[in-house]
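Me: I am new to reading structures, and I would like to look closely at one part of this one rather than skim the whole. Please choose a single element, explain how it fits among its neighbours, and take me through it slowly.

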Amino acid sequence: MNRFETFKQLHQNPAPLVLGNIWDVNSARIFEASGYKAIGVSSQAMSNAFGYEDGENLPFETLLQLAKRVTEAVSIPFSVDMEGGYSRTIDGIIENINKLHDAGVIGINLEDTVPGAMRQFKPVIEFQKILSAVADHISRNNLQLFVNVRTDGFLLGMPNALTETLSRIEVYENSGADGIFVPCITNRSDIREVVNAIKLPVNVMCMPALPDFDELASLGVKRISMGPFLFNQTNNTIKKLATTILEDKNFSSIL
């Protein structure tokens, strides 16, 4: 199997795919060496690593260059978080998808919200048109690309998050999505409802109240992301060590 076929298969196993979320080439190599089966960009981690706020503030060309370097540096499947597509037009999103595909990327995340001062949902019909056009383009051109669609009801903290999520994912399933990503969902019964509502593999993300991997597997979850949390912990460790060096007036803490 090639990388794309391997990635698709990893969403069909009894045990969920635990995705290593990277922010540079070195983190990609570390995940591969640690036994991870696939990796994906954390948009927040990568944006912060390059000095940008999350929300498509990172230049797309920077994301594309990283994608090229990562696919050269590791042999495991690599998926890229495109956020809202780095364009507000269908043609612009498809052009960016083509560039990532040509760089060796085998999966993308697309969000149904628009970044900005206040993150907001795109109307369902508007996002459906985007997703249908993307899926049609991928099919017509025989692109090997896994489209994971992120829906943000729980991330936005909506009081009707479950209802909003269930109504949207049905539309997305029928519009060509390959997987559904529901960040910030943690309640077991909510997760079970989402999983049972569609045939597509469901992706959840690291959160303080998220059940452990075995329980997520029993609920039917097929993919687990870590988001920016490892990146944040790594930076916290660096900060502590940097402070300790000045306090101790020696390098014993890093030797």
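Reply: Two strands count as a pair if DSSP finds at least two bridges between them, and this is the idea to keep in mind as we look at strand S4. The model is a predicted one, and the part I have chosen, S4, covers residues 107–111.

Let us begin with the setting. S4 belongs to a set of 8 strands that close into a barrel, following the order S1-S2-S3-S4-S7-S8-S9-S10, with parallel pairing. On average, and with direction ignored, neighbouring strands of this sheet are turned by 25 degrees against each other. In the barrel order, S4 stands between S3 and S7, and we can take these two neighbours in turn.

On one side is strand S3, made of residues 78–81, which pairs with S4 in the parallel sense over 3 bridges. Within this pairing, Val-80 is found opposite Ile-108 of S4. The two strands are also linked through a helix, as S3, helix H5 (residues 90–102) and S4 together form a right-handed β-α-β unit.

On the other side is strand S7, residues 146–150, which runs parallel to S4 and is joined to it by 5 bridges. Here Ile-108 turns up again, this time standing opposite Val-147 in S7. Further along, Leu-110 has Val-149 of S7 as its bridge partner.

Now look at the residues of S4 themselves. Gly-107, Asn-109 and Glu-111 point one way from the strand, while Ile-108 and Leu-110 point the other way. Whichever way they point, all of them are buried, and a residue is called buried when its relative accessible area is under 20%. S4 as a whole is therefore described as mostly covered, with 5 of its 5 residues meeting that cut-off.

The neighbouring strand S7 shows a like arrangement, which is worth following with the structure in view. Phe-146, Asn-148 and Arg-150 point one way from S7, and Val-147 and Val-149 point the other way, with all of them buried. Because 5 of the 5 residues of S7 are buried, the strand is largely enclosed by the rest of the structure.

From S7 the barrel continues to strand S8, residues 179–181, with 3 bridges pairing the two in the parallel sense. In this pairing Asn-148 stands opposite Gly-179 of S8. S7, helix H7 (residues 161–173) and S8 make up another β-α-β unit, and its crossover is right-handed. Helix H7 also holds Ser-167, which gives a contrast with the buried strands, since its relative accessible area of 38% makes Ser-167 partly exposed.

Just before S7 there is a further contrast, in the loop that lies between helix H6 (124–140) and S7, where Asn-142 has its place. Asn-142 has a positive phi of about 55 degrees, although it is not a glycine. With a relative accessibility of 67%, Asn-142 counts as exposed.

Finally, return to S4 and consider the largest pocket, which has a volume of about 300 Å³. S4 is one of the elements that each supply at least two residues of its lining, the others being S1 (17–22), S2 (39–41), helix H3 (43–49), S3 and S10 (223–225). It is the neighbour S3 that gives the most to this lining, with 3 residues. In total 24 residues line the pocket, and those nearest its centre are Ser-43, Asp-81, Arg-150, Met-205 and Gly-227. Two of these names connect with the strands beside S4, for Asp-81 falls within S3, residues 78–81, and Arg-150 is a residue we met in S7. By class, the lining is made of 9 nonpolar, 9 polar and 6 charged residues.

To draw the picture together, S4 is a mostly covered strand that pairs in the parallel sense with S3 and runs parallel to S7, and it also supplies at least two residues of the lining of the largest pocket.

Note on methods
Residues are numbered from 1 along each chain as its sequence is written. This is a predicted model: local features need pLDDT of at least 70, side-chain atom pairs count only at pLDDT 80 or more; totals for chains, interfaces and linings use all residues. Side-chain values use heavy atoms; hydrogens and water are left out. Helices (H or I, at least four residues) and strands (E, at least two) are DSSP runs, numbered from the N terminus. Axes are lines fitted to C-alpha atoms, for helices over the stretch in contact, and angles run from 0 to 180 degrees between N-to-C directions. On a 1 Å grid over the protein atoms alone, a cavity is a set of points where a 1.4 Å probe fits but cannot get out, and a pocket is an open set with protein on both sides within 12 Å along at least five of seven lines; lining residues have an atom within 4 Å of a point. Grid points are joined across faces, edges and corners, and a volume is the space filled by probe spheres set on the points. Ala, Val, Leu, Ile, Met, Phe, Trp, Tyr, Cys and Pro count as nonpolar, Asp, Glu, Lys and Arg as charged, and the others, Gly among them, as polar. Buried means under 20% relative accessible area, exposed over 50%, partly exposed in between (1.4 Å probe, protein chains only). A crossover is right-handed if, with the strands pointing away from the viewer, the path from the first strand over the helix to the second runs clockwise.
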